[in-house]
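Welcome! Work through the exercises below with the model open beside you, and try each task before you read its solution.

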Amino acid sequence: MKSVKEADVSGKRIVVRCDFDVPVKNGQIEDETRINNSLPTLQYLLGKGGKLFLISKMGRPKFRDPSLSLKVVIENVSQKLGKEVVFKEDLNKARLEDIVLLENLRFWPEEEKGDLEFSKKLASFGDLYVNECFATSHRSDASFVGVPKYLQSFAGLNLVREVTELRKILNDPERPLISIIGGAKLETKLPAINNLAKISEKVLVGGRLMFEVGGQVLPQNVVVAPDDIDQKDIGSKSIRSFENIIKSARTIVWNGPMGVFEEEAYLKGSQEVAKAVSESKAYKVVGGGDTIAVLEKLGLLAKMDYVSTGGGAMLEFLAGKKLPGLVALRYYD
Ligand code: ADP
Ligand code: MG
């Protein structure tokens, strides 16, 4: 895998797979973190005399849903880069502008299907390709796996950093390594629980997952929260048990809140676990949109040693699975 720093950028058009999938409410961006994460790479490319063709998805539209148009980020991105951003709604040939932003990739059903004709079309807008979206690199969408088949490909600065940090945890963590998994998405998290159990001394399970794993045969070192409050948070017995285990850790990986933290009454489990993690001397790695949100809400995000932009992608990487987006960049070669 080559870093964007190794690319010969001057005078080239670069297709950059960004992560502009920011939360939007009433037409306003609620959290700009993801846009900010792409900036160093975009500024670097512009500084080297490159022209940018920016692509990203937003949300999960089932059709050309105007409420999920990427138009909403134009002004923000343009302001941050100090240059005009030209918006493009179709895939017709276009004039050579300094910065073009394509409409939400998921408005084309071909994106999720990994369609090669669509990939080729996207590739036709550039001379080089850069992936600066670690958080979705565990998917096989056209913008990750297809475009690199047609263009020389590089990893963005933030993606390089993600992989460097997470590789340390995967290969040589200080032990004991304790993994904490919560939140909701069972389909993605059940395999993660099983895989993390292989590399961790213990895996603690809270969130809605604690009910969903019922009936599953789990590895012996998986500790499912023993009690709950209204099925919306872990109970006091669980908190005490988790605190004790967290105290023993030298490395901690955490993805997924312990309860419905959006409701004050069910914040406690996440709060107490967050406190225990913060007070631990272990190397602390967290990831996932809601996990970051709850730590921010509690004012404890700065206590973490590394904050990954990826939830699902982080778990799959740490489980030792090959992420399709990284395979396309030849990371595993
Ligand atoms: P992340 O974004 O950090 O990867 P997830 O998206 O998997 O985390 O999970 C976060 C969501 O899980 C939150 O919206 C939270 O309300 C929900 N959640 C956590 N515990 C429960 C529960 N016991 N019942 C229902 N929803 C839960
Ligand atoms: Mg989430």
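**Exercise 1. A proline to locate**

In which loop is P176 found? Describe the peptide bond before P176 and its surroundings as well.

*Solution.* Step 1: P176 sits in the loop between α6 and β9; helices (H or I, at least four residues) and strands (E, at least two) are DSSP runs, numbered from the N terminus.
Before going on, note that this is a predicted model, in which local features need pLDDT of at least 70, side-chain atom pairs count only at pLDDT 80 or more, and totals for chains, interfaces and linings use all residues. Residues are numbered from 1 along each chain as its sequence is written, chains are lettered from A and ligands numbered from 1 in the order in which they are written, and side-chain values use heavy atoms, with hydrogens and water left out.
Step 2: R175 and P176 are joined by a cis peptide bond, with omega at about 5°. Most peptide bonds are trans.
Step 3: P176 has 25% relative accessibility and so counts as partly exposed; buried means under 20% relative accessible area, exposed over 50%, and partly exposed in between (1.4 Å probe, protein chains only).
Step 4: Setting aside neighbours within four places in sequence, P176 is in contact with E201, S248, A249, R250 and T251, where contact means heavy atoms within 4.5 Å.
Step 5: From C-alpha to C-alpha, P176 and E89 are 51 Å apart in space, and in sequence they are 87 residues apart.

**Exercise 2. A helix to check**

Compare the span of α6 with the expected value, and list which of its residues are buried.

*Solution.* Step 1: α6 covers residues 157-171, which is 15 residues.
Step 2: The expected span is 1.5 Å times one less than the number of residues.
Step 3: From first C-alpha to last, α6 reaches 21 Å, close to the 21 Å expected.
Step 4: Its buried residues are N158, L159, E162, V163, E165, L166 and I169. An α-helix has 3.6 residues a turn, so residues three or four places apart point the same way.

**Exercise 3. Two sheets to trace**

Give the strand order of the sheet that contains β9, then do the same for the sheet that contains β4.

*Solution.* Step 1: The β9 sheet is open, has six strands in the order β11-β10-β9-β14-β15-β16, and pairs them in parallel. Two strands pair if DSSP finds at least two bridges between them.
Step 2: Its edges are β11 (222-224) and β16 (306-308); each has a single partner strand, so one side of each lacks a neighbour in the sheet.
Step 3: β9 (residues 177-181) and β14 (residues 251-255) run parallel and share five bridges, with T251 in β14 as the bridge partner of L177.
Step 4: Helix α7 (residues 186-199) packs on this sheet, touching β9, β10 (202-205), β11 and β14, and its direction makes about 170° with that of β9. For such angles, axes are lines fitted to C-alpha atoms, for helices over the stretch in contact, and angles run from 0 to 180 degrees between N-to-C directions.
Step 5: The β4 sheet is also open, with six strands in parallel pairing, ordered β5-β6-β4-β1-β7-β8.
Step 6: β5 (86-88) and β8 (152-155) are at its edges.
Step 7: Three bridges link β4 (residues 51-55) to β6 (residues 99-102) in the parallel sense, and L54 stands opposite L101 in β6.

**Exercise 4. Cysteines and a core**

How many disulfides does a search of the whole structure find? Next, look at the largest nonpolar core.

*Solution.* Step 1: The search finds zero disulfides, a disulfide being a pair of cysteine sulfur atoms within 2.5 Å.
Step 2: The closest cysteine sulfur to that of C18 is in C133, 8.4 Å away, which is too far for a bond.
Step 3: C18 is buried, with a relative accessible area of 0%, and C133 is buried at 1%.
Step 4: The largest nonpolar core has 81 residues, and V16, F20, L45, L52, L54 and V73 have the most contacts inside it. Such a core is a set of buried Ala, Val, Leu, Ile, Met, Phe, Trp, Tyr and Cys residues joined through side-chain atoms within 4.5 Å.
Step 5: Helix α7 gives this core its largest share, seven residues.
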